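Q: Could you take a close look at one sheet in this model with me, strand by strand? After that, I would love to see how the rest of the structure fits around it.

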There are 2 protein chains.
Amino acid sequence: MTTIADVARLAGVSTASVSRYLAGHRVREHVAIEQACNELRYRPNAMARSLRSGRTRSIGVVVPDITNPYYAAVVKGIQDVTLDGPYHVFLSGTDESAERQHDVLVELAGRADGLILIPATEQSEPSRELQQSRIPVVLVDREAEDVHAFDSVVVDNAGGARLAAEHLLELGHERIAMIGGPLNTTPGRERHAGFVDALADAGIVMDPAHDEEGRFKTEGGYQAALRLLGARPGPTAIFSANNLMTIGVLRAVNELGIRVPDEVSLIAFDDLDLGALLTPPLTCISRPTEAQGALAMRLLLRRLEEPDDGAPREATRIVMDVSLTVRGSCAPVSAPAGKRRR
Amino acid sequence: MTTIADVARLAGVSTASVSRYLAGHRVREHVAIEQACNELRYRPNAMARSLRSGRTRSIGVVVPDITNPYYAAVVKGIQDVTLDGPYHVFLSGTDESAERQHDVLVELAGRADGLILIPATEQSEPSRELQQSRIPVVLVDREAEDVHAFDSVVVDNAGGARLAAEHLLELGHERIAMIGGPLNTTPGRERHAGFVDALADAGIVMDPAHDEEGRFKTEGGYQAALRLLGARPGPTAIFSANNLMTIGVLRAVNELGIRVPDEVSLIAFDDLDLGALLTPPLTCISRPTEAQGALAMRLLLRRLEEPDDGAPREATRIVMDVSLTVRGSCAPVSAPAGKRRR
DNA sequence: TTGAAAGCGCTAACAT
DNA sequence: ATGTTAGCGCTTTCAA
């Protein structure tokens, strides 16, 4: 291990000068120092540096599920903003678990200058643990109980769910089912509320048996769809509240040999990579992904730059729009609801 | 910021005792210490700890592309192995760039006890930078020039490509195209070689115009497919060498209104999430993903546990099997190759 | 601009 | 089993 002292000795200066050179200051012996660094293949010790300076030059990103392409896209947006900046970005996953999230946050609070967090649940108190650690946090996609404590970037979940409901209603559907996510997550709660409200506005009350919860997982969507489609009479349309669950629904539909949209209409929150290439192509609620991540990162960088004078800052909350992408997985109800075979 | 000294004072012991308590040793005043820790909400400073002990209790994972579901699955496998261990796992992306990978490795070498790396290119010398840093590295999916320097977990790329070629040959295809990846990556090189060799064994030389390169990206696969399918006579079958490029091919095929497998057969290396649900379902070469990651992690943990007595260890190299999943995207050539319309 | 020196918070000898 | 103490490698006063 070669240290700054080795470099200083070889260059014939003090460690302070080397340190200053490294920090980009003007230094007389900068040529000698540079050469010494190269010759010794010197790499500053990040731990020593951080311990002394209090800064780590890294920011942590915490997502509930690494395998969800939606989060991957958000992370991509984050990374692209940081490309040539001084910060390194590290990603950690929590597997949708509040306990694991706790561990990860405690760990990261000591290793990063700032955090971008997609909370596992709204109750998972990033607040307590993080607020005392004093490092800036930006929430993405999901919020925490104490909304006002952190900057956040979210989408209009309720509006998107309403768009989906209204699309179905316009096509004449009445026996409509929803496969939602956990109600203790922001998207789970808001999409459910938006959907139910929109139906209610049309005078339709969703059958409790049609109100499924799929934990935002492929398997959950699959099981829920199996239940929904196994019942008589089944729903004429299903709204699945995230990408992974939609994949589960598609599996179920495929397995059961049910024709879409003839026998059942499908609409989803979030597009799929292959959404447009399916038969039929998937009708869905689309939203920005990379842009959401990029925005969050900019918000975080702003916090990182502002002087820490202890004065509390007002939290920024950005809500992004979503839109309906009509493709081929929804059709008008062909027969009076009561008389359809399924 | 509360330090170990604060805890020691409150508990009426020395900092050493607190440190020992934290390390899990038997300590007389452990009750008082525990209480003091809670009362002060004490969190050990990770930087100080690492600086002093030389260990970070974290391992870094470096992948070329965060948005590729294949890598996400590998990472999932890695994480699952670490679940209750003492190590925290951090993920970084390199965007398939050797320069970015260099930066990331330099950074991570100082922040992690071990690394799991999927190299951007075989020439991207993790060797030089990492070998002097003395931290254990396990390579996954792709290898580096100096193979013997690191443990690695890979799949039988050449064998898989051969499987694909032979499947096509059995169906009578002769005008066969391939969309490969960069030849300076292990999978790019090996899959290309395996495919070309298998064709050669059947006495078929691939038309140079049918030997495309799609950079393992969706867009690359899309553009390559467009070129391939725009030519007359076009190939009767296309082998795309990874998941992302397959998506690109599917887009192109869909856009051009070409029927699969009637007009062109498609076979891919790597399955897609929705591979079985496409119309027609995708015929592909399947391979373990999470298992690959899990194995790599176990290899790394083994290295981390072995005493660092400076004695060089023999590198382990694990090659996992792949298999052919026949679904519906390949069909026999219906007419003599020379007379088909495309 | 430069160097000397203090010390960030912790762990690991060492001595007891 | 416990306390004392040195020091990990670096940055940042402070004086010159």
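A: Happily! One term is needed at the start: two strands pair if DSSP finds at least two bridges between them. Please keep in mind that this is a predicted model.

By that criterion, strand S6 of chain B (residues 176–180) pairs with S7(B) in the parallel sense, over three bridges. Within this pairing, B:Ile179 stands opposite B:Glu212 of S7(B). These two strands belong to an open sheet of six strands in chain B, with the order S7-S6-S8-S9-S10-S12 and mixed pairing. Where does the sheet end? The edge strands are S7 (211–213) and S12 (323–325) of chain B, and each pairs on one side only. From one strand to its neighbour, the sheet turns by 20° on average, direction ignored.

Now for the helices on this sheet. Helix H8 of chain B (residues 157–170) lies across S6, S8 (237–240), S9 (265–269), S10 (283–286) and S12 of chain B, and runs at about 170° to S9(B). Helix H10 of chain B (residues 218–230) also packs on the sheet, where it touches S6, S7 and S8 of chain B. The direction of H10(B) makes about 160° with that of S6(B).

Chain A offers a sheet to set beside this one. An open sheet of six strands in chain A has the order S7-S6-S8-S9-S10-S12, again with mixed pairing. S7 (211–213) and S12 (323–325) of chain A stand at its edges with a single partner strand each, so one side of each has no neighbour in the sheet. Here, too, neighbouring strands are turned by 20° against each other on average, with direction ignored. In chain A we can follow S6 towards S8: strand S6 (residues 176–180) and strand S8 (residues 237–240) pair in the parallel sense over four bridges. A:Ile176 has A:Ala237 in S8(A) as its bridge partner.

Two helices can be placed on the chain A strands. Helix H9 of chain A (residues 186–201) lies across S6, S8 and S9 (265–269) of chain A, at about 170° to S6(A). Helix H10 of chain A (residues 218–230) lies across S6, S7 and S8 of chain A and runs at about 160° to S6(A).

Chain A has further parallel pairings that are worth a visit. Strand S4 of chain A (residues 137–140) pairs in the parallel sense with strand S3 of chain A (residues 114–117), over three bridges. A:Leu117 has A:Leu139 in S4(A) as its bridge partner. S4(A) also pairs in the parallel sense with strand S5 of chain A (residues 151–155), over three bridges, and there A:Val138 stands opposite A:Asp151 of S5(A). As a general point, side chains in a regular strand alternate between the two faces of the sheet. In S4(A), A:Val137 and A:Leu139 point one way while A:Val138 and A:Val140 point the other way, and all of them are buried.

Stepping back to the whole chain, chain A has twelve helices and twelve strands. Its radius of gyration is 26 Å, well over the 20 Å that the globule rule gives for 342 residues, so chain A is more spread out than a compact globule. Along the principal axes, the C-alpha atoms of chain A fill a box of roughly 90 × 40 × 30 Å. Of the 342 residues of chain A, 50% count as buried.

How do the chains meet? The contact takes 37 residues from chain B and 37 residues from chain A. On the chain B side, H4, H5 (69–82), S2 (88–93), H6 (98–109) and H11 (243–256) each supply at least two residues. By class, that side has 19 nonpolar, eleven polar and seven charged residues.

Finally, the DNA. 25 residues surround DNA strand C, and the closest are A:Arg28, B:Thr3, B:Ile4, B:Asn45 and B:Ala48. Helices H2 (15–22) and H4 (46–53) of chain A, together with H2 (15–22) and H4 (46–53) of chain B, give two or more residues to this surface. H4(B) gives the most, with five residues. Around DNA strand D there are 26 residues, the closest being A:Thr3, A:Ile4, A:Ala16, A:Ala48 and B:Arg28. The surface near DNA strand D has eleven nonpolar, eight polar and seven charged residues.

Key
Residues are numbered from 1 along each chain as its sequence is written. Chains are lettered from A and ligands numbered from 1 in the order in which they are written. This is a predicted model: local features need pLDDT of at least 70, side-chain atom pairs count only at pLDDT 80 or more; totals for chains, interfaces and linings use all residues. A residue is near a molecule or strand if its C-beta atom, placed from the backbone, lies within 6 Å of it. The radius of gyration is taken over C-alpha atoms; the globule rule is 2.2 Å times the number of residues to the power 0.38. A residue is buried if 20 or more other C-beta atoms lie within 10 Å of its own, exposed if 12 or fewer, and partly exposed in between; C-beta atoms are placed from the backbone. Ala, Val, Leu, Ile, Met, Phe, Trp, Tyr, Cys and Pro count as nonpolar, Asp, Glu, Lys and Arg as charged, and the others, Gly among them, as polar. Two residues are in contact if their C-beta atoms, placed from the backbone, lie within 7 Å. Axes are lines fitted to C-alpha atoms, for helices over the stretch in contact, and angles run from 0 to 180 degrees between N-to-C directions.
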